[in-house]
Amino acid sequence: MKAGIWLYAIAGVICAAAPVQAESVPLKPGEYQVTAVTESSSGEAGKPDTHSRCVREEHLANPDAVFNYYALNGFKPNPANKVMNVSMHGGTVSYDIEGVYAITRVEGTVSNTSFSVVRKATPKGDKALSVTMKVDGKRTGDCPAK
């Protein structure tokens with residue numbers, strides 16, 4: 001049970017990065033079906049969680065606003081975290097997030113209508129668990145009109 005608590009705590013760290021100024025994510029804005037699966041270094045794994053979300057043009061300026069599953073829950077970047085080493089070319093994406101408690105490496109692929117990334121958080125402390133989150137998204141159509 002303790003491992004489960006740490007899994008959620010580290011998952012929060014994986015998902016809270018500050019905005020980054022870089023090239024735009026090459027996705028077409030629209031409604032995306034996004035699925036995430038989280039696993040800890042203890043072997044504890046969560047069940048796949050799937051939701052729909054609207055990816056808007058303004059989200060594409062910050063890769064972590066797109067490749068972050070918690071964007072579905074009102075993701076707010078943590079200003080203390082630093083997004084670094086952003087690279088997007090040839091259908092691949094990668095970047096690092098340095099947070100207070102962990103360093104997260106994000107790597108994956110992106111096309112015009114889909115993406116698949118792995119977010120691996122390595123804790124800075126000795127006793128914490130590392131957590132990996134796989135996030136997949138596929139465009140299903142236009143965003144609903146407001």
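**Reading labels off a predicted model**

Student: Why is Pro 26 called partly exposed in this predicted model?
Tutor: Its relative accessibility is 44%. Buried means under 20% and exposed means over 50%, with partly exposed in between. Since 44% falls between those limits, Pro 26 counts as partly exposed.

Student: Where does Pro 26 lie, and what does Pro 26 touch?
Tutor: Pro 26 lies in the loop between helix 1 (2-14) and strand 1 (30-40). Leaving aside residues up to four places away in sequence, Pro 26 touches Met 88, Val 110, Ser 111 and Asn 112. A touch here requires heavy atoms within 4.5 Å. Pro 26 and Ser 114 are 88 residues apart along the chain, and their C-alpha atoms are separated by 9.7 Å.

Student: Is Asn 81 buried or exposed, and how do you know?
Tutor: The relative accessible area of Asn 81 is 7%. The limit for buried is under 20%, so Asn 81 is buried. Asn 81 is placed in the loop between helix 2 and strand 3.

Student: How many aromatic pairs does the structure hold?
Tutor: There are two aromatic pairs. One of them joins Tyr 32 and Phe 115, at 6.4 Å centre to centre with 40° between the planes.

Student: What makes the pair of Tyr 32 and Phe 115 tilted?
Tutor: Ring centres must lie within 6.5 Å to pair, and 6.4 Å meets that. Planes under 30 degrees apart are stacked and those over 60 are edge-to-face. An angle of 40° is neither, so the pair is tilted. Tyr 32 lies in strand 1 and Phe 115 in strand 6 (residues 114-123), so the pair ties together parts that are 83 residues apart in sequence.

Student: Why is the pair of Phe 67 and Phe 115 called edge-to-face?
Tutor: The angle between their planes is 75°, and the centres are 5.2 Å apart. The angle is over 60 degrees, so the label is edge-to-face. Phe 67 sits in the loop between helix 2 (63-66) and strand 3 (82-89), 48 residues from Phe 115 in sequence. Both Phe 67 and Phe 115 are buried.

Student: Which residues do the ring pairs link into a cluster?
Tutor: The cluster consists of Tyr 32, Phe 67 and Phe 115.

Student: What is the mean pLDDT of the chain, and where does pLDDT stay under 50?
Tutor: The mean is 81, and 79% of the residues reach 70 or more. Over residues 1-22, pLDDT stays under 50. Where pLDDT is low, the predicted coordinates should not be read in detail.

How values were computed
Residues numbered from 1 in each chain as written. Predicted model: local features only at pLDDT ≥ 70, side-chain atom pairs only at ≥ 80, totals over all residues. Heavy atoms only, no water. Helix = DSSP H or I, 4+ residues; strand = E, 2+ residues; numbered from the N terminus. Buried < 20%, exposed > 50% of the residue type's maximum accessible area, 1.4 Å probe, protein only. Phe/Tyr/Trp six-rings, centres within 6.5 Å; stacked < 30°, edge-to-face > 60°. pLDDT = per-residue confidence, 0-100.
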